[in-house]
Amino acid sequence: MSGPSRKLLVFLHVALKQRAFESELQAALPGLEVRAVGRLGDFERGLEDGQDGVLTLPDLLASHGLAGKLQGMRGGSPEERYSLVGAGAVPDPARVAAVGALDLLGRDGTNAFVYALLGAKPKVERVTKFEDLLPLIQMQKVDAILLPTRLLADLQSASRLTLNQRELAKLVKLPAVASAGAGGSDVLAAVARLPAKVSRTLGVDEWR
Amino acid sequence: MALNRRSFLLGLPLVAGGLGCSSGSGTAVTHARSPGRLASAVSPGKPAVLVCMPDTKQTREVWSGLKDELAGHFTLIAVDVDGDRGGDVLARAMAELHPVCVVLMNNPTVFAYARYQATAGLAAYPPAIVVMTSFLDRRPTAIAGATGISYEVPLITVVTNLRKLMSSPVERVGVIRRMPLRSFVTHQAELARREQIGVIEQPVSLEPNAAELKYALREVKQHCDAIWVLNDDRLLSERLIADGWLPGLNERPYKPAIVGAASLVSPGQSFGTFAVLPDHGALGVQTANRIFDLADQNFKLTDHDEVDSPLSTTTTVDLVQARARFALRQDALEQVDHILE
């Protein structure tokens, strides 16, 4: 790669602070200028600033007119399972009145995402960080929370509550990278070479 | 360095004018023809939400979260109602905008709105959401039709965050408190029990001196794994910090001190080991969600509209103190937002 640093915008929820996540990605992608954001508003502002590549969930890419060119895979699949998790009894998707969820798609988009996964329309409490899901259960603001199954262990490790899960049938696409500017191909090439440990933070074990 | 939250809660003005005004814009726009108006995000044809706030870094972050969520659904207008002309600013804004909801940031703003209600003499007022005020644990009674989000991070959240950082167990938390905060601490202790956190209360008098505070600290440190420092301004005077807290915390046995103000974490001072504070941007989002909920109820408050706790926090660590005195988990720094060293 030559010329100015290519810019990569990342919008994903992971089990570490955005600061640490951005540092980890930046260290693994020295040829790129990495910005990791945690709120949709910051993501949209980042897009307006101009990027060469964008790493987020495919649904969000599509809602902004972008197409994923590099798809994250795990166990040979581009999709993963989500779980409904509650303290106490195993939550029933058809009967939960209020669900906590990570906000990746804004109010309407996240509501639609939750409804599609559950096959029901509970009240949705959106949070902007992974670590904010647990307080929703601790404070009994919701009956259950929705998250990728792979993040359940991180959630449980932070709590002494007995958390019970119901894994949902509908699958969700893993993160993908879209080209968004002149240097997009450089960004794609760099992400394709991400160290395995860093990719695993995103729930990915290979990129295709 | 501010030694307590009083000056923040009174609303320290920053030098720099205005706030980000429209979605996607990082520049400030103030309306010279509207005295007291700080910013706006206009969505033509949409109902108005009036945001009463001082102009500080923290309130700007809350405004940013509000604007990100509500722009396009509501017209947002932010006004500064502090100072001598605050009453006029507020009355004019209410008359011009007929807001469906009012957001009140900080104690003086709440007082200004209470004065407005007392003089306006209207039959009804739009619901108000109070944020960034001290120890808001139930719906405010000083103003009609209000609910809010507490500004104190719940102890259960504080200790959950602390347990991610410390390699030694945190089972019991000591708290020094005066009588006015007894019910607040009792409620927090009840919540904390859900995560098997015990609370050891050490009462002090209404106006303790440094000797009493230092004695209380020595006592409670014998029985706990960490000290939770309440944002009680009467316990956080310069004198009590210098002659009570600092000597008491800086002698063995060392216990990590969790504080609720960023100014109390400083490597040069060795007071707070960690600060756990509300995330102001996320607080704006949470406030916006309350507004959406109210919209679903045609902006009528119900008995269910109780005061919420802040869901999202930021954590700051005095790394010098933490490394010198305590054992941190290997991945501790991945769980911290701000590292001071």
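**Exercise 1. Describe the area buried between chain B and chain A.**

Step 1. Take the term: buried area is the accessible area (1.4 Å probe) that two parts lose on being put together, summed over both. Step 2. Chain B and chain A bury about 2900 Å² between them. Of this area, 42% is on carbon and sulfur atoms. Step 3. Count the residues in contact (heavy atoms within 4.5 Å). Chain B brings 39 residues, which touch 31 residues of chain A.

This is a predicted model: local features need pLDDT of at least 70, side-chain atom pairs count only at pLDDT 80 or more, and totals for chains, interfaces and linings use all residues. Residues are numbered from 1 along each chain as its sequence is written, chains are lettered from A and ligands numbered from 1 in the order in which they are written, and side-chain values use heavy atoms, with hydrogens and water left out.

**Exercise 2. Find the salt bridges and the elements behind the interface.**

Step 1. A salt bridge is a side-chain nitrogen of Lys or Arg within 4 Å of a carboxyl oxygen of Asp or Glu. Nine salt bridges are counted between chain B and chain A. Step 2. Take one example: Arg45(A) pairs with Asp68(B), with the closest N and O atoms 2.8 Å apart. Step 3. Now list the elements, which are DSSP runs numbered from the N terminus: helices (H or I, at least four residues) and strands (E, at least two). On the side of chain B that touches chain A, two or more residues each come from helix H2 (57–70), helix H5 (155–165), helix H9 (280–296) and strand S12 (313–318). Step 4. H9(B) gives the most, with seven residues.

**Exercise 3. Place Ser312(B) and work out its partners.**

Step 1. Ser312(B) sits in the loop between H9 and S12 of chain B. Step 2. Is Ser312(B) buried or exposed? Buried means under 20% relative accessible area, exposed over 50%, partly exposed in between (1.4 Å probe, protein chains only). Ser312(B) counts as buried because its relative accessibility is 6%. Step 3. Look for polar contacts (a pair of N or O atoms within 3.5 Å; within protein, one must be able to donate a hydrogen and the other to accept it, and residues adjacent in sequence count only if both atoms are side-chain atoms). The side chains of Ser312(B) and Asp132(A) are joined by one of 2.7 Å. Another, of 3.1 Å, joins the side chains of Ser312(B) and Lys129(A).
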